[in-house]
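Here are some comments on the model, set out point by point. Please read them with the coordinates open.

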Amino acid sequence: MAELEVGIKGTGSVLVEQGNTALAMGSGQLPVFATPAMIALMEKTASESIQNYLEDGYGSVGTKLEVKHSSATPLGMEVHCESELLTIDGRRLVFSVKAFDKAGLIGEGTHERFLIKNESFLKKAEGKLG
């Protein structure tokens, strides 16, 4: 299904704007980069890092995150994310994820994803509708 190798790396970035603050996302009361926004950036970075290695019709879904958000980032500053594929265990993938602003590390941890066949996965999810 895939030609993945341990060590595949990815990068991504986002500007801290009103819409991705803790205040806007409901995860806090201050206009700083929200933890859910950091997590979304980490998932996106990991997901996109492997997508070109997968056959058409296949993708991956996030299933587990263990991250620490250790430093606040203010409006107007860019957040940069790096991911690295650490483990391939059948369809299970484990990534190291780290996020930085210009002052340094703001968050890090691990992220687990599973390889899926998109059509089958969607059909199973939609089956919950009855």
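**Notes on two residues and the strand pairing**

1. R113 sits in strand β5, which covers residues 104-117. The model is a predicted one, and the points below should be read as comments on a prediction.

2. Is R113 buried or exposed? Its relative accessible area is 5%, and the cut-off for buried is under 20%, so R113 is classed as buried.

3. Two side-chain polar contacts involve R113. One joins the side chain of R113 to that of E43 at 3.3 Å. The other joins the side chains of R113 and S60, at 2.8 Å.

4. What surrounds R113 once its neighbours within four places in sequence are set aside? The contact list consists of E43, A46, S47, S60, V61, G62, T63, R91, R92, L93 and F95. E43 and S60 are thus on the contact list, and each has a side-chain polar contact with R113 as well. R92 and L93 also appear on that list, and strand β4 spans residues 92-101.

5. H69 belongs to strand β2, residues 58-69. Its relative accessibility is 25%; buried requires under 20% and exposed over 50%, so H69 counts as partly exposed.

6. Which polar contacts does the H69 side chain make? With the side chain of T35 there is a polar contact of 2.7 Å. The H69 side chain also reaches the backbone oxygen of S71, at 3.3 Å.

7. Leaving out neighbours within four places in sequence, the residues in contact with H69 are F33, A34, T35, M38, I106 and G107. T35 is therefore a contact of H69 under the 4.5 Å heavy-atom cut-off, in addition to being its side-chain polar partner. I106 and G107 are on the list too; strand β5, which holds R113, runs over residues 104-117.

8. A separate distance may be worth checking in the viewer. H69 and A99 are 30 residues apart along the chain, and their C-alpha atoms are separated by 8.8 Å.

9. Strand β1 (residues 9-15) and strand β3 (residues 78-89) run antiparallel and are joined by seven bridges. Within this pairing, G12 has C81 of β3 as its bridge partner.

10. β3 also pairs with strand β4 (residues 92-101), again in the antiparallel sense, over nine bridges. Here S83 is bridged to V97 in β4.

11. What lies between β3 and β4? The two strands form a hairpin with two residues between them. G90, in the turn, has a positive phi of about 65 degrees.

Note on methods. Residues numbered from 1 in each chain as written. Predicted model: local features only at pLDDT ≥ 70, side-chain atom pairs only at ≥ 80, totals over all residues. Heavy atoms only, no water. Helix = DSSP H or I, 4+ residues; strand = E, 2+ residues; numbered from the N terminus. Buried < 20%, exposed > 50% of the residue type's maximum accessible area, 1.4 Å probe, protein only. Polar contact = N/O pair within 3.5 Å; in protein donor to acceptor, adjacent residues only side chain to side chain. Pairing = 2+ DSSP bridges.
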